Each structure stands twice: as structure tokens, then as C-alpha cells.
Amino acid sequence: MNNESPLRVENLSMRYRRGLLRHGHQALDSVSLEVGRGQVFGLLGPNGAGKTTLIKVLLGLAVGWSGRAELFGEPANHRAARNRVGYLPESHRLPPYLTGRKTLELFGMMCGRDRRWLRERIPVWLEKVDMTRDADRKIREYSKGMQQRVGLAAALVHEPDLVFLDEPTDGVDPVGRAAIREVIAELRQRGTTVFLNSHLLLEVERMCDQIVILDKGRILKQGSLEQLTNDTGTVRVVLASEPPPDLRVRLAERELSVDGLGLEFLGEQPEVDLVVDQLRAAGCSIRSIEREKNDLEDVFIDLVQGSGVKQ
Ligand SMILES: Nc1ncnc2c1ncn2[C@@H]1O[C@H](COP(=O)(O)OP(=O)(O)OP(=O)(O)O)[C@@H](O)[C@H]1O
């Protein structure tokens, strides 16, 4: 394996043509991003943002795009690069007449693995997605969540270096979702890069190292969870005992809201230092100091509602 970035996109644009009309729909507009080895990268965006289109370009399933799209330093539509990739499409359909076990064998062989190699690996993957017991039943007899579990194992059985997971927990129960999170954590540990597309922001918060928010084909924001949900400016101090009444009055004068043992105010570090000095001088013991964070859902909704990206 070389040190090339598993996935790099530069100024990628894609316009779907509509019939004979020259103007079509701009699904991607100058998108640039890079994903490092072993990263779990979350792609977020509202319906129609261009997420699936981006994945299709990277998998060589779309035509008519411009810019650069590379997997492992090779053009994305290059066959050699694609052999190192796994893909779990959204709302996938597995062959209904195959058993779960045979499905894994078929997908593994299509990705260049031989039967002997697969015979050892398939039971391991069935176990990871908790499908050992149902491995020899036909896909048509599986529930949606069971199909999703086998679909995930089928995307991973050849042990790719990069995997695209489109809504991997769709239809899966909470225990299964936890198992899938565990699989993703293991992939990250092994150095496999995961490109995750999900509307479940809590899952993204739990799993992703880097996040991109896309809307109307453009990147609105990208960075680590920390960077995206950076603090709101509000500081919350919790005291070990209630502040004396005269200190309460002085704090209220400085626009600090006092509620029982808690104090809240808007401020940067110098303001925090001043408040701490004032509390300590009055003999108050401080239990904790925290900066209030946005959650990813707030950030997502604010960005998407305020994006005003026009086409
Ligand atoms: N084959 C197509 N022909 C014309 N327009 C298309 C085609 N496929 C997608 N689009 C349009 O491109 C835009 C992006 O679609 P895409 O499927 O990439 O969105 P998405 O972010 O994956 O959405 P969702 O979260 O709903 O799955 C949408 O406006 C969609 O209508």
C-alpha cells in the first residue's frame, strides 16, 4: 500500500442533463475534499444535496463530471483503484434467491477474492453482523434489518481499504446499530477508511473523525466534530455551595445569571478568569467550569436553513 490519500476530490462539478435541454441540474458545484487513511468521514446534507452523486462519481458510476476525483492517487474511474473499495448502497437489493452466506461468497469473488480465502473470512463477517444463525436462509426470507446487516458484510468481506457506506444503519434495531458502530470502529483501527453517508446525526457524532456538510451541491462546512460544534460563547460554572447574597448582587450587576449552584455568562477567557477570581475571593468553591457546545443537529439546521445557496 502506498501513502496516497484514499480519496481526494478537487473542484468536482456534475450537472445532470435533462432531455435535450442544455441547462440541467447542477448536482455538485466545485466540491473539494480529502480523506485520510483510517479516517471515518461523515458526509451530511439534506435530501437532494448531492451526496449520492458524489459517491457515484467516485465509484465511476456517473458520467459528465468535471474536476479531479481520485481514489488512492488514481482517477476514480480506474479499475485498479475500484478493486480496493467496498460499497453499501442506500436501499440496496441483494439477489433474493441466494442465502446470506452465498451472497458474501458472490460479492467477495466479484471483488477478486478466491473461494478458499473467503471460506475462512465469511464466518467471521457473519458473526460480526450477528447473522451466523440465519446465514443459510434465503435473502427473500430476511427482514429489512437482516438484509442491511448482510449488505454491510457483503461490502466488507473482501476487506477493502476504503468503504462507502450509504445509510448503513437504515432499518437496523438499536442492538444491530451498536454492532455496526463496533464494526466501523474496528475498521478505523485497522486503517480502513470509511466514507459514511447518514441522516442520523447522532450516529455521525459518535463515529466520525471528519465531517462535511453539503447542500445544493456545495460544501457549506467541513472539519472535525470539535471544529463544527465549537462553543456558543456561553460559560457555565457550577459551585459547591450557594454564593452569599452580596456576591449574587455583584454577579447580577455583571450580567451573570445565577440559578442555585449554577452561574451562566457569555465570555472569553479573560472574563472567565475574572469571574473565577471574584468567586474565589468570596470563598466559593468551584465544582466545574464548562463551555456550552452546539450539537451537530443545531449546526446542520442553522447552516442548511441559512445557506441561501441559489442555483
Ligand atoms: N439521474 C438524475 N437525473 C437528473 N437529476 C438527478 C439524477 N440523480 C439525481 N439528480 C438530482 O441531483 C440532485 C442530487 O441528488 P442526490 O441523489 O445526489 O442527492 P442526495 O444528497 O443523495 O439526496 P438523499 O439524501 O435524498 O438521498 C437532486 O436534486 C436530484 O434531483
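This briefing covers the domains, the ligand shell and two helix packings of one structure. The model is predicted, so that local features need pLDDT of at least 70 and side-chain atom pairs count only at pLDDT 80 or more, while totals for chains, interfaces and linings use all residues. Residues are numbered from 1 along each chain as its sequence is written.

**Domains**
- The protein chain is assigned domain 1 (7-227) and domain 2 (232-293), with bounds that come from an automatic or database domain assignment.
- The centres of domain 1 and domain 2, taken over C-alpha atoms, are separated by 47 Å.

**Ligand shell**
- Around the ligand (C-beta atom, placed from the backbone, within 6 Å of it) lie Tyr16, His25, Ala27, Gly45, Asn47, Gly48, Ala49, Gly50, Lys51, Thr52 and Thr53.
- At least two residues of this shell come from each of strand E2 (21-35) and helix H1 (51-58), where helices (H or I, at least four residues) and strands (E, at least two) are DSSP runs numbered from the N terminus.
- H1 provides the largest share of the shell, three residues.
- By class, the shell has three nonpolar, seven polar and one charged residue, counting Ala, Val, Leu, Ile, Met, Phe, Trp, Tyr, Cys and Pro as nonpolar, Asp, Glu, Lys and Arg as charged, and the others, Gly among them, as polar.

**Packing of H3 with H4**
- Helix H3 (residues 100-110) packs against helix H4 (residues 115-128) at an angle of about 130°, their axes being 10 Å apart; axes are lines fitted to C-alpha atoms, for helices over the stretch in contact, and angles run from 0 to 180 degrees between N-to-C directions.
- H3 and H4 are therefore oblique to each other, given that angles under 35 degrees count as roughly parallel, over 145 as roughly antiparallel, 65 to 115 as roughly perpendicular and the rest as oblique.
- The contact (C-beta atoms, placed from the backbone, within 7 Å) involves Gly100, Arg101, Leu104, Glu105, Gly108 and Met109 of H3, together with Arg115, Leu118, Ile122, Trp125 and Leu126 of H4.
- Six nonpolar, two polar and three charged residues make up the contact of H3 with H4.

**Packing of H3 with H5**
- H3 and helix H5 (residues 144-156) pack at about 25°, with axes 8 Å apart, and are therefore roughly parallel to each other.
- Gly100, Thr103, Leu104 and Phe107 of H3 meet Val150, Ala153 and Ala154 of H5, a contact with five nonpolar, two polar and no charged residues.

Conventions
Contact = placed C-beta atoms within 7 Å.
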